[in-house]
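Dear colleague,

I am passing this structure on to you, and you will find the sequence and the coordinates just below. After them I have written out what was found, going from the overall layout to single residues.

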Amino acid sequence: MSQVLIECPETKRPVATGWDLDWAGLEAASIGEQTLVCPECGKEHRWTKDDAWLRADGGG
Ligand SMILES: [Zn+2]
């Protein structure tokens with residue numbers, strides 16, 4: 001399982017969404033529009049599956 005990340009539009013830094021999935025799970029998941037209070041900039045961001053990617057190293 002890997003952290004699902006999005007890019008903060010304010011800081012351009014990757015931000016963990018709190019989801020934990022593998023690629024198959026991400027493909028299969030029915031993720032509608034989500035909101036996230038961003039730890040990088042403190043604003044609320046909306047994201048969908050199309051905005052997300054998985055952390056490459058997966059944390060082991
Ligand atoms: Zn942000």
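The protein holds 1 helix and 5 strands, and, read from the N terminus, its elements follow the order β-β-α-β-β-β. Please keep in mind while reading that this is a predicted model. Its mean pLDDT is 92, with 93% of the residues at 70 or more. Among the elements, confidence is highest in S4, where the mean is 98, and lowest in helix H1, residues 23-28, where the mean is 90.

As to overall dimensions, the C-alpha trace spans about 30 × 25 × 15 Å along its principal axes. The radius of gyration is 11 Å, which agrees with the value near 10 Å that a compact globule of 60 residues would have. Buried residues make up 8% of the 60 residues. Of the contacts with a separation of 6 or more, 45% are between residues that lie 24 or more positions apart.

Turning to the strands, there is an open sheet of 3 strands in the order S2-S1-S5, and the pairing in it is antiparallel. Strand S2 (14-21) and strand S5 (53-54) stand at the edges with a single partner strand each, so that one side of each has no neighbour in the sheet. In general, the strands of a sheet pair through backbone hydrogen bonds, in a parallel or an antiparallel sense. Strand S1, residues 2-7, is joined to S2 over 5 bridges in the antiparallel sense, and within this pairing Gln 3 stands opposite Asp 20 in S2.

Ser 2 is also found in strand S1, and its C-alpha atom is separated by 5.3 Å from that of Leu 21, although the two residues are 19 apart along the chain. Ser 2 has 18 C-beta neighbours inside 10 Å and therefore counts as partly exposed.

The loop between S1 and S2 contains Lys 12, whose backbone deserves a look, since its phi is near 60 degrees, a positive value in a residue other than glycine. As a rule, most residues other than glycine have a negative phi. Lys 12 counts as exposed, because 8 C-beta neighbours lie inside 10 Å.

A second pairing involves strand S3, residues 34-37, and strand S4, residues 44-47, which run antiparallel and are joined by 4 bridges. Here Val 37 stands opposite Glu 44 in S4. The two strands S3 and S4 form a hairpin with 6 residues between them, and in the turn Gly 42 has a positive phi of about 85 degrees.

Lastly, what can be said of the segment after S5, where Ala 56 is found? Is Ala 56 buried or exposed? Ala 56 counts as exposed, because it has 7 C-beta neighbours inside 10 Å. Its C-alpha atom and that of Leu 36 are separated by 21 Å, with the two positions 20 residues apart in chain numbering.

If you would like a place to begin in the viewer, you might start from strand S1, which pairs with S2 over 5 bridges, and then go on to the hairpin that S3 and S4 form.

With best regards

Terms used
Residues are numbered from 1 along each chain as its sequence is written. This is a predicted model: local features need pLDDT of at least 70, side-chain atom pairs count only at pLDDT 80 or more; totals for chains, interfaces and linings use all residues. The radius of gyration is taken over C-alpha atoms; the globule rule is 2.2 Å times the number of residues to the power 0.38. A residue is buried if 20 or more other C-beta atoms lie within 10 Å of its own, exposed if 12 or fewer, and partly exposed in between; C-beta atoms are placed from the backbone. Two residues are in contact if their C-beta atoms, placed from the backbone, lie within 7 Å. Two strands pair if DSSP finds at least two bridges between them. pLDDT is the predictor's confidence in each residue, from 0 to 100.
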